[in-house]
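Work through the exercises below with the model open. Each task is followed by a stepwise solution.

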Amino acid sequence: MTQNKVLVLHGPNLNLLGSRQPDIYGSETLEDINNALYEKAAMRGWDITCRQSNHEGELIDLVHAARLDGTSAIIINPAAYTHTSVAILDALNAFEGKVIEVHLSNVHKRETFRHHSYVSLRADGVIAGLGSQGYLAALDALDAAANA
Ligand code: CA2
């Protein structure tokens, strides 16, 4: 495993960020969020890759690839698959590095179907409700753990 190699996975519909529902998800686009992550990662010496997919199987394939390419951590916002996908949970269970689950909104303040997360059964940490700052906080936490 390569120290300090992180994969950021964004799930379905997150490509629409910035265009709709800014009251819930903020006004930044996914590109804004990724650019901030690339900038922070560069400052901290992390090798970062950010990917978004609307397809469950593609997200699973990306987790599988991360098992084999030396990725040391995954930051994942599984979006709606958070609440439905045993398959993504199983893929993450086969990944040996750290997993941090991020949600832009505070899912616990919302509909009850958003209160349960399959991914949380695997995640080492969960961040919800901090908007795009949640992704940066996740990277900070990984960096602090790597340098502890
Ligand atoms: O709060 C989050 O980050 C969520 O993972 C976002 C998901 C939602 O299903 C989860 O319960 C919580 C939805 C992402 C949809 O993003 C959109 C952004 C702009 C316009 C429409 C959808």
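**Exercise 1. Classify the ligand shell.**
Task: How do the residues of the shell around the ligand divide into nonpolar, polar and charged?

Solution. This is a predicted model. Sort the shell by residue class. The count gives 8 nonpolar, 6 polar and 2 charged residues. Next, rank by distance. The shell holds 16 residues, and those that come nearest are Asn77, His83, Leu104, Ser105 and Arg114.

**Exercise 2. Find the polar contacts.**
Task: Which distances separate ligand oxygen atoms from polar side-chain atoms of histidine 83, serine 105 and arginine 114?

Solution. The cut-off for a polar contact is 3.5 Å between N or O atoms. Take the residues in turn.

- Serine 105: a side-chain N or O atom is 2.5 Å from an oxygen atom of the ligand.
- Histidine 83: a polar side-chain atom lies 2.7 Å from a ligand oxygen.
- Arginine 114: an N or O atom of the side chain is 2.9 Å from an oxygen atom of the ligand.

Now turn to the area. Alone, the ligand exposes 510 Å², and the protein buries 93% of that.

**Exercise 3. Place the ligand.**
Task: In which pocket does the ligand sit?

Solution. Compare the ligand atoms with the pocket points. The ligand sits in the largest pocket.

**Exercise 4. Describe the fold and its extent.**
Task: How many helices and strands does the protein have, and in what order do the elements run?

Solution. Count the elements. There are 5 helices and 5 strands. Then read from the N terminus: β-α-α-β-α-β-α-β-β-α. Next, check the compactness. The radius of gyration is 14 Å, close to the 15 Å from the globule rule for 148 residues, so the protein is as compact as a globular protein of that length. Along the principal axes, the C-alpha atoms fill a box of roughly 40 × 30 × 25 Å.

**Exercise 5. Check backbone angles.**
Task: Where are asparagine 13 and glutamine 21 found, and what is phi in asparagine 13 and glutamine 21?

Solution. Locate the residues. Asparagine 13 is in the loop between β1 (5-10) and α1 (22-25). Glutamine 21 is also in the loop between β1 and α1. Then read phi. Asparagine 13 has a positive value near 75 degrees, though it is not glycine. Glutamine 21, likewise a residue other than glycine, has a positive phi near 50 degrees.

Methods: Residues are numbered from 1 along each chain as its sequence is written. This is a predicted model: local features need pLDDT of at least 70, side-chain atom pairs count only at pLDDT 80 or more; totals for chains, interfaces and linings use all residues. Side-chain values use heavy atoms; hydrogens and water are left out. A residue is near a molecule or strand if one of its heavy atoms lies within 4 Å of it. A polar contact is a pair of N or O atoms within 3.5 Å; within protein, one must be able to donate a hydrogen and the other to accept it, and residues adjacent in sequence count only if both atoms are side-chain atoms. Accessible areas come from the Shrake-Rupley method with a 1.4 Å probe; for residues, only the protein chains shown count as cover. On a 1 Å grid over the protein atoms alone, a cavity is a set of points where a 1.4 Å probe fits but cannot get out, and a pocket is an open set with protein on both sides within 12 Å along at least five of seven lines; lining residues have an atom within 4 Å of a point. A molecule sits in a cavity or pocket if more than half of its atoms lie within 2 Å of its grid points. Ala, Val, Leu, Ile, Met, Phe, Trp, Tyr, Cys and Pro count as nonpolar, Asp, Glu, Lys and Arg as charged, and the others, Gly among them, as polar. Helices (H or I, at least four residues) and strands (E, at least two) are DSSP runs, numbered from the N terminus. The radius of gyration is taken over C-alpha atoms; the globule rule is 2.2 Å times the number of residues to the power 0.38.
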